[in-house]
Amino acid sequence: MNKIFQTLVTSLNDDGTYSNNIIEKSVDDLPDGEILIKVEYSSLNYKDALSATGKKGVTRLYPHTPGIDAAGIVEESSSRFFPIGTPVIVTGHDLGMNTSGGFGNYIRVPSKWVAKCPSSLSTKEAMMIGTAGLTAGLSIEVINEKFSMPDLEIVVTGATGGVGSVAVKILSSLGAHVTAITGKVDAFNYLKDLGASEIILRDDFLNSTQLPLNKGLYTAAIDVVGGKILSALLASMKYRGIITACGNVGGPNFETTVFPFILRNNSLIGIDSAETAVSQKEIIWNKFANSWKIPDLESFCKTVTLNDLIPEINKIIKGNLTGRVVVQF
């Protein structure tokens, strides 16, 4: 049976601009893959907004459906590992980049992209966490291999965004002393509610930091921003400090010297969730379902329909989005 479904499609116009519209498509138009998934929920990430506005380096060919996250139910399968009816999660790989993504009610993908959704985690909860939360989780996992969480002095940049919000929430629940850095002067109550022990405005942090070495303040850091913020973090780490870098909304370039590394034995570790092996993703998803279970995900998530998604895309591009946006089909 030919299934017709709604999807958001980004198109390149004749004048070089890009536009987004909700249209109907056929499942037969989807790319090849072993698994057809009926999407119940997706989520909005910065990379989705880049794809939906035609920013170079994300999507090559238009028209295209963004959405690097999707969670739903297997409807057709040629894989014995994913029988029909299995709740699953797909994040990253090429989904929503150049493969028709989660901003449509169906996706068809290779089985090697698919993770089983833990029984104690709903598909909605999975998308409240999404790629942003997965990235935060991978960062926390790396830091936790070196340091125990109780009383850990850790700083999170871009703290009101998706990665930052999840990171602050989990870290505080594990007993870490979390300093949140934000550019939003009206976000203090939001960050306190997430569990931040201290909040610093971005400009205040930058103005108080002396490069290449400042006073050692933090044992660990999760940086979502890059640019000048990452330069300031590198100058502010304690001996044996560790920074996980997982974003570049503040720019891809940063300034440093060898001093933080050879005088303070600091580590800078890159985090990529897109190409992380599904086996590692499933470890993190199971932690979100158990030891990292967040009881009040709704407190920093907004649920919208496909028809309400375009204004949210505009917000995230302008840096005006706080927390997570979940798309419900």
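In this predicted model, strand E6 covers residues 106–109, and its side chains alternate in direction: Tyr106 and Arg108 point one way, while Ile107 and Val109 point the other way. Every one of these four residues is buried. Strand E6 is joined to strand E3, residues 35–43, by 4 bridges, and the two strands run antiparallel. Within this pairing, Ile35 has Val109 of E6 as its bridge partner.

From this pair of strands, attention may turn to the nonpolar interior. The largest nonpolar core contains 54 residues, and those that touch the most other members are Ile143, Ile154, Leu171, Leu191, Ile222 and Trp285. Two or more residues of this core come from each of several elements, including helix H2 (123–144), helix H3 (162–173), strand E11 (218–223) and helix H8 (278–289). Helix H2 supplies the largest share, 10 residues.

Ile222 offers a view of the packing. When neighbours within four places in sequence are left aside, the contacts of Ile222 include Ile140, Ile143, Ile154, Leu171 and Cys246. Another core, of 14 residues, lies apart from the largest one, and among its members are Val155, Ile181, Phe205 and Ile229.

The cysteines deserve separate consideration. A disulfide is a covalent bond between the sulfur atoms of two cysteines. A search of the whole structure finds 0 disulfides. Why does Cys117 form no such bond? The closest cysteine sulfur to that of Cys117 belongs to Cys301 and is 15 Å away, which is too far for a bond. Cys246 is in a comparable position, because its closest cysteine sulfur, in Cys301, is 17 Å away and likewise too far. Cys117 is buried, at 10% relative accessibility, and Cys246 is buried as well, with a relative accessible area of 18%.

A polar residue can also be buried, as Thr276 shows, with a relative accessible area of 13%. Thr276 is found in the loop between strand E13 (267–270) and helix H8. A polar atom of the Thr276 side chain lies 2.5 Å from the backbone oxygen of Asp272. Not counting residues up to four places away in sequence, Thr276 touches His93, Leu138 and Lys281.

Charged side chains form the last part of this account. The whole structure holds 9 salt bridges. In one of them, Lys3 pairs with Glu76, with the closest N and O atoms 3.6 Å apart. Lys3 lies in the segment before strand E1 (4–12) and Glu76 lies in strand E4 (residues 69–77), so this pair ties together parts that are 73 residues apart in sequence. Lys3 is buried, at 16%, whereas Glu76 is partly exposed, at 37%.

Glu125 and Lys293 form a further salt bridge, in which the closest N and O atoms are 3.2 Å apart. Because Glu125 is in helix H2 and Lys293 is in the loop between helix H8 and strand E14 (301–304), the pair ties together parts 168 residues apart in sequence. Both partners are partly exposed, Glu125 at 21% relative accessibility and Lys293 at 33%.

Asp296 and Lys169 form a salt bridge with their closest N and O atoms 3.1 Å apart. This pair links distant parts of the chain, since Asp296 is in the loop between H8 and E14 and Lys169 is in helix H3, 127 residues apart. Asp296 is partly exposed, at 32% relative accessibility, but Lys169 is buried, at 12%. Finally, salt bridges with shared partners join Lys3, Glu75 and Glu76 into one network.

Key: Residues are numbered from 1 along each chain as its sequence is written. This is a predicted model: local features need pLDDT of at least 70, side-chain atom pairs count only at pLDDT 80 or more; totals for chains, interfaces and linings use all residues. Side-chain values use heavy atoms; hydrogens and water are left out. A nonpolar core is a set of buried Ala, Val, Leu, Ile, Met, Phe, Trp, Tyr and Cys residues joined through side-chain atoms within 4.5 Å. Buried means under 20% relative accessible area, exposed over 50%, partly exposed in between (1.4 Å probe, protein chains only). Contact means heavy atoms within 4.5 Å. A disulfide is a pair of cysteine sulfur atoms within 2.5 Å. A polar contact is a pair of N or O atoms within 3.5 Å; within protein, one must be able to donate a hydrogen and the other to accept it, and residues adjacent in sequence count only if both atoms are side-chain atoms. Two strands pair if DSSP finds at least two bridges between them. A salt bridge is a side-chain nitrogen of Lys or Arg within 4 Å of a carboxyl oxygen of Asp or Glu.
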